[in-house]
Every structure is written in C-alpha cells, then in structure tokens.
Amino acid sequence: MILRIAVPSRLYQTFDYLPPLNCDPAILQPGMRVQVPFGRQQMVGFLVELAADTAIDPANLRPALAILDAEALLPPDVLALIQWAQRYYHHPPGEVFTTALPVLLRQGEPATVPTPTPLWRITAAGLVALADDSLRRAPVQWRMLDYLARCPEGAEAETLRPVVSHSAATLRTLRDKGWAEQIAALEGATPVPTSHSPPVLNVAQAEAVATISAALGRFQVFLLEGVTGSGKTEVYLQVIEAALAQGRQALVLTPEIGLTPQLLARFRERLPGPLAVSHSGLSDEERLKAWLMAREGRARVVVGTRSAVFAPLQAPGVLIIDEEHDPSFKQQEGFRYHARDLAIVRGRQLGIPVVLGSATPALESCYNAQRERYQLLSLPDRVGGGTESPIHILDVRRQPMREGLSQPLLERIRAHLDRDEQVLLFLNRRGFSPVLLCHECGWLSLCRHCDARMTLHLRRQRLICHHCGDHRSVDTACPQCGCVDLRGFGQGTERLETALRQEFPEVGLTRMDRDSTRRRGSLEALLADIHAGGRRLLVGTQMLAKGHHFPDVTLVGIVDADQGLYGIDFRSSERMAQLILQVAGRAGRAEKPGTVIIQTHHPDHPLLRTLVSRGYPAFAEEALAERQAALLPPFAHQALLRADAVDAERATAFLLKARALAEPLADGLELLGPAPAPMERRAGRYRAHLLMQAAQRQDLHRFLQRWTALLWAERQDRQVRWSLDVDPLELY
Ligand code: ADP
Ligand code: ZN
Ligand code: ZN
C-alpha cells in the first residue's frame, strides 16, 4: 500500500511513502496527518489518497514515520473541497492544505481542545453596557469589553493580555461591575439563554426566507440584494434558524472588517448554543478550538472570515456569504483562492443552498443572476421606512478648492454641523499627501525600491512607501537642487484632517485609517467615541465604509471620486460604485435621512451618472454591457502568470519561455504579454506578467492543466519567483 501525501512545500506534487513500520494499514484513512521524512527534515503531511501503485522505484520509497490522528482529521467533504481547489487553482498541494487548516494542526498538535484554562466571557449586563454609553469615559474598559463581545465562547486571560495595557486589572474591574465573568473552559460550550424574539418580517424578507428555507437539502445559489438596513442579516438569521431546526449547521463568511461585535452579539442573542468564531485577531489555540467545535457539531453556527470556507462541519445545512462582493474574500498571495467561489463549489458538493448577500453584488454575481444560474431575491426597501440617501454629483471643475474641499461642500458641512449632526468625509488615501515635491526644480520623493512615490506622513515626520514599507525622514532641502521649498502635493486623510481642524476648530474630529488604528483596540475606542456623539466630523479611508453604522451621520462627502473612475484596472469603476454606495449606506436613519455629495472633475461620466440617478442595478447592467463589448470578465475567463526577479531580464526570460510552452496548447485562448506589471518595480524586484484569456472556462482549464505541468517540469531559475492566479481580481 502506498500513501500519497501532501507535504507543505512549494512543489507542485504529492509525495509517495510506505506506511510507517508497525502500522496496521486497515486504520489508514485519507484526511489523516502523517509525520514524514522530507529531505533531511521531518514534516507534517496530509494523507490525500491510498494507492496501490507508484511511479517511484520501490527501492527509493521511504516509510512514513508516524500517523498523527486516530481518525481522519478532515471530513471527506473538506478533503474533496481542498482537492478541488488545488486542481482548479493549480497550486502546490501542500500549500493548499496549509492554508486550509489551523496553524496548530499543521504543526502536528493533537486535534483536541488544548488544556482547559478558565475563560473570560462578557455577561448579558456587559452587552448592555457596551451598547449604551455607560463606558463613555472609560475607553480602556470599553475596549476590553468590546473585545470580549467578539469572543462569545469566552477568551483566555493570556489572549486578552495584548488588548489593553493592564488587562488583569481591567478584567477584575469588569467582573466587579458584573459585566464580565470567569467560567470554566467547558462551560463555554453551554448555550446562553436568550429571550429575544424575532421581528415580524416584511413581505420581501418573508419571501426570501421562505424561498431559501424551501431549498434546504439541495444545492441552489441565491443572490440576496438589498441596501444597508434592508434586513439582509435578519434573513440570514431566520434561514439559519430553519437549518438548525432540521438539525443542521450554518457557516457564515464575512469580510474581516465586517465581523464586528455588533454582528456577533446579534447572532449570539438570537441563536441557541455556542458560536464558533474564527478571525485573525484570535490566538492559535482559540482558532483550533473553534475549528474543533465546528467539526464535532458542538457549535451549530460558524462565523468566520475567508479561510473559514474550509471549516469542517458535522452536519452542513447552509452557507452564507455576507458582502459577497468584498475583494477580501480573494486571497492575494500564496494560494490565491476566492472564498465566495469555493463556497459555491462546496455547496454544490454537499447539496446545500448558498446565500450571497450584498447591497452591491459583484458584476460576476449580477451576471449569474441575469442568466438565472443564481436566484435573485431583492429586498427593495429599508426596514422601518426611511429612504435611501439621495446622492448628488458636485462638479468641482474650475472651483476654488481649499485643501481638496470645494466651497459648496464646505458650506454643506457647516450647515450640518450647525444643526448638531455628524458629517463623514471619505478619502481613500492615507497620509498627509501622496508625494513631496520641490517647488523649484520639480523633484519628487520617489521610492528607491519601487516605481512609486513615497507618501508624506507629517504627523510621524516620515516619508513612507505604501508598497514596500520603506521609510525615511522627511527631506528638509531638495536633494537635487538644495532648495528648501518642498511641498506636500495632493491630498491624504491626514491633510484633510488638518484642514478641517482649522476650518471647524470647535468641532470634535476623528480620523479613521490604518495609521490611526494601528494599535490594537484603538479602532474600537474611536468607534465608541463616535457613537457616544463626542466626534461629529469623521474622516477616513475605506475602513469607514464597512461594517459600522453611524445613525447620526446626515452628510457624507466623497472627497475625490476621480481616482476610481479612471483607474488602471478594468474593475476600478465597479469598485468605486461599490465604495460610494457602501459609504452612503453608513449614514442616516428613518427620521434623519442622509445626503451624499460626490466631488468630481468628471460629472458627466456615464457610469457615475447612471449610478447616481438610477441606482446600482442599472449601473451593473451598463457596466456589464461595457464588459461584454470589451470581452472582459465575466464574458471571458482569465489567468495571470506573474513573475518577479531582481533582474528584469530573468523575469521576462521566464515568461517568454512560459509563452513558448503555451503557444502549441493555446486552443481558444488569447495570450497577452509578457508585459511589465503596472508598477514594474516593487520592493526592489522587477515584475512582469503573462495574461491568458478565453471565452470558454473549459478551454482555459484544459490549457492550464497541461501547461502548468510543463512549467513545473522545466528547470527552475531560483532567482525568479512566479505564481499563477486563476480568476485574478487585480492585474498587477
Ligand atoms: P442589513 O443586514 O440589510 O443591513 P439588518 O438585517 O441589519 O439589515 O436590518 C436593519 C435593522 O432593522 C436591524 O436593526 C434589524 O434588527 C432591524 N430589522 C430587520 N428586519 C426587521 C423587521 N422585519 N422588522 C423590524 N425590524 C427589523
Ligand atoms: Zn529641487
Ligand atoms: Zn517602495
């Protein structure tokens, strides 16, 4: 008997071994972990398959060292999903397994809940305190409580340590106030009693719930489209309840930034039993625990980010992907899978329904709904009445601008602030300004390692490259001509903040971007402040656009829409439309509707006009027509071979060879390139790519199957790093 094993290596193959000595072959099952010798090392591999024969000379076969699991660690459906993904994305099998599993399991730790230590858990009173403003003046306690709210099963003291600086004292205070409690580890699994009864659904919601629930037990994909506040989450909850009532489990995927304490509190309040939650803020132990609880069925509902698509379930019932258009579902490095697409594959393999929810579905999903491959379910109205915020285009051509803000926008801001309302300004560029410029000779602060400019960060007094992270102190004189008249050119959030503080010195302001929220818990503290009403001007990047709701915001200003309208990528306008509506959706409530103002130099841009006057579905239709005319996805299928090297010629030589190998196989395919990447040099390496495009998906995959085999069989140039991206979301 031969063991076919995926070993965590960059090689594009599985490896054959003999069973360990003294091992009863009858116990072997695919999905078990196996300790194997690999070169001079030992590694933890995954048993993919038991085979009768091997292409290896039996004399060279080595026995595995040990079987690490008493039974298959991976249920058959997860194993099948991993194998499907490996073949579809043509990625080295070992890395696919590595991506799909919790760290501790791939390190060979036993698949049992690690030694139980007492856990801290938020109490019902604590949830209340978090929601009202009891903690307005105690941001540290708030931060800790808020963190606990994200760990509904409780968290170990050890993992709470980095949340605030004196975690032990903070936890004691919270316990004394009755807002947090310590529980034995096992108790974490007992259901929290709930008394919350569901609201009466409106007609569209009721129809959505009934339609999806009727499909439990068979494969079907639903596209649940509805603006923020239209009641999508309520639909998820009731569909999950229906699945639970049949004794099945539910898996919910959300973007990292969408996995907020509010969302979890709502799930926990409504759904019986423990939740298994998985996100990047958890410790390895907590992730393993959530994984095991899902597999054993102790958690009936699993909520997690991208990689949770591989979560094992004991009785899968329904898969839900919230904000399905969000680009963070696609992993952009290593194993480049798309969690939404894999969820659909998994739903088909399991014969269960998949629900994709969004206010602004990806054009791919809109197209699938048009073709009736997905069933469209629309929630056309905001719950509780309330209208969508009207969106106005503000033509800023020839307008005097003050630090990026036009006079009409400034006046509107003032009017809303005068009425004691909140204003949100969105600018998707952090830092003070995107480049430092010499007024005398035109010198620009360029990165030494990238074809990019270094962003000026005045607060930190650094020039920082947002592409490679390199940074240095801000020049005081021009390195080229010695002149001291150096100026920040263009707008970033830091500069906008400075300008607004000057303009409205009496108004509290919060800036929210990756710089202002670097410290753990600082995002939560900012949010608490905003909700308490202490800050009425909010400035931020797309971090402001997702997950949070700011009911007192009545004016949203999009400071610069132009970047997105004419971006290098054919998806730029789709992204821009999604961002605009997402930012717009943050604002207003029934009694206080919001207004959205978009500053642009292109007020007649057709897609922007359509979006503003006729809404997202009309926008999607027009954008799809453009894609069709240009034969771009979803009307074509793409794969991108990227290569980079310190030496530009080596990267290109690799791609030329790859192209030569491709040409004889490329039936029904267009090969474009090699071409330099839009940012040719990044972090000191030259980057280029070769784009493959086909009208038929099958043609592309038949080709990739044969071509990748040839690519891997070639002698590899160790100076060149390359990777294949199937269905790339970004072409750089
Ligand atoms: P979405 O997920 O589309 O943003 P939610 O499901 O979060 O919408 O609903 C918005 C708000 O309306 C929530 O506070 C929710 O509890 C409430 N809600 C949802 N459906 C109903 C309903 N049928 N009746 C009353 N309130 C509802
Ligand atoms: Zn100069
Ligand atoms: Zn750089």
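The following exercises, each with a worked solution, concern a predicted model of a single protein chain.

**Exercise 1. Overall form**

Determine how many helices and strands the chain has, and compare its radius of gyration with the value from the globule rule.

*Solution.*
Step 1. The secondary structure of the chain comprises 22 helices and 32 strands.
Step 2. For 732 residues the globule rule gives 27 Å, and the radius of gyration of the chain is 27 Å; the chain is therefore as compact as a globular protein of that length.
Step 3. Along the principal axes, the C-alpha atoms occupy a box of roughly 80 × 65 × 50 Å.

**Exercise 2. Burial, contacts and charge**

State what percentage of the residues count as buried, and describe the contacts, the exposed area and the charges of the chain.

*Solution.*
Step 1. A residue counts as buried if its relative accessible area is under 20%. Of the 732 residues, 56% count as buried.
Step 2. Consider the contacts between residues at least 6 apart in sequence: 76% of them join residues at least 24 apart.
Step 3. The exposed area of the chain is about 31,300 Å², and carbon and sulfur atoms supply 51% of it.
Step 4. There are 83 positive and 81 negative side chains, and a distance of 3 Å separates the centres of the two sets.

**Exercise 3. An open sheet of three strands**

Give the strand order of the open three-stranded sheet that contains β6, and explain why β7 and β8 each have one side without a neighbour.

*Solution.*
Step 1. Strands of a sheet pair through backbone hydrogen bonds, in either a parallel or an antiparallel manner.
Step 2. In this sheet the order is β7-β6-β8, and the pairing is antiparallel.
Step 3. Strands β7 (155-156) and β8 (180-183) are at the edges with a single partner strand each, so one side of each has no neighbour in the sheet.
Step 4. Between β6 (residues 119-122) and β8 there are four bridges, in the antiparallel sense. In this pairing, I122 stands opposite A180.

**Exercise 4. A residue of an edge strand**

Locate Q182, classify its exposure, and identify its contacts beyond four places in sequence.

*Solution.*
Step 1. Q182 belongs to strand β8.
Step 2. The relative accessible area of Q182 is 41%, so this residue is partly exposed.
Step 3. Apart from neighbours within four places in sequence, Q182 is in contact with P118, L119, W120 and R175.
Step 4. R336 is 154 residues from Q182 in sequence, and their C-alpha atoms are 40 Å apart in space.

**Exercise 5. A strand covered on both faces**

Show which residues of β12 are buried on each face, and describe how β12 pairs with β10 and β11.

*Solution.*
Step 1. Strand β12 comprises residues 301-304; V301 and V303 are buried on one side, and V302 and G304 are buried on the other. Both faces of β12 are thus covered.
Step 2. Strand β10 (residues 249-253) pairs with β12 in the parallel sense over four bridges. Here V252 has V303 as its bridge partner.
Step 3. Strand β11 (residues 275-278) also runs parallel to β12, and four bridges join the two. Here A276 is opposite V302.

**Exercise 6. Backbone details**

Find where the cis peptide bonds from P633 to P634 and from G673 to P674 lie, and locate N22 and L631, which have positive phi values.

*Solution.*
Step 1. The P633 to P634 bond is cis, with omega near 5°. P634 is in the loop between α20 (616-630) and β29 (637-645).
Step 2. The G673 to P674 bond is cis, with omega near 5°. P674 is in strand β30 (residues 669-682).
Step 3. N22 has a phi near 60° and is not glycine. N22 lies in the loop between β2 (15-17) and β3 (33-38), and its relative accessibility of 83% makes it exposed.
Step 4. L631 has a phi near 55° and is likewise not glycine. L631 is placed in the loop between α20 and β29.

**Exercise 7. Two residues and their contacts**

Locate R614 and L731, and name residues that each one touches beyond four places in sequence.

*Solution.*
Step 1. R614 is part of helix α19 (residues 606-614). With a relative accessible area of 54%, R614 is exposed.
Step 2. R614 touches R609 and E622, when residues up to four places away in sequence are not counted.
Step 3. L731 lies in the segment after β32 (721-726). Under the same exclusion of residues up to four places away, L731 touches D569, F570, Q638, L640, P678, H689 and L691.
Step 4. L731 and R642 are 89 residues apart along the chain, and their C-alpha atoms are separated by 9.4 Å.

Terms used
Residues are numbered from 1 along each chain as its sequence is written. Chains are lettered from A and ligands numbered from 1 in the order in which they are written. This is a predicted model: local features need pLDDT of at least 70, side-chain atom pairs count only at pLDDT 80 or more; totals for chains, interfaces and linings use all residues. Side-chain values use heavy atoms; hydrogens and water are left out. The radius of gyration is taken over C-alpha atoms; the globule rule is 2.2 Å times the number of residues to the power 0.38. Buried means under 20% relative accessible area, exposed over 50%, partly exposed in between (1.4 Å probe, protein chains only). Contact means heavy atoms within 4.5 Å. Accessible areas come from the Shrake-Rupley method with a 1.4 Å probe; for residues, only the protein chains shown count as cover. Lys and Arg count as positive and Asp and Glu as negative; His and the chain ends are not counted. The place of a charge is taken as NZ of Lys, CZ of Arg, CG of Asp or CD of Glu. Two strands pair if DSSP finds at least two bridges between them.
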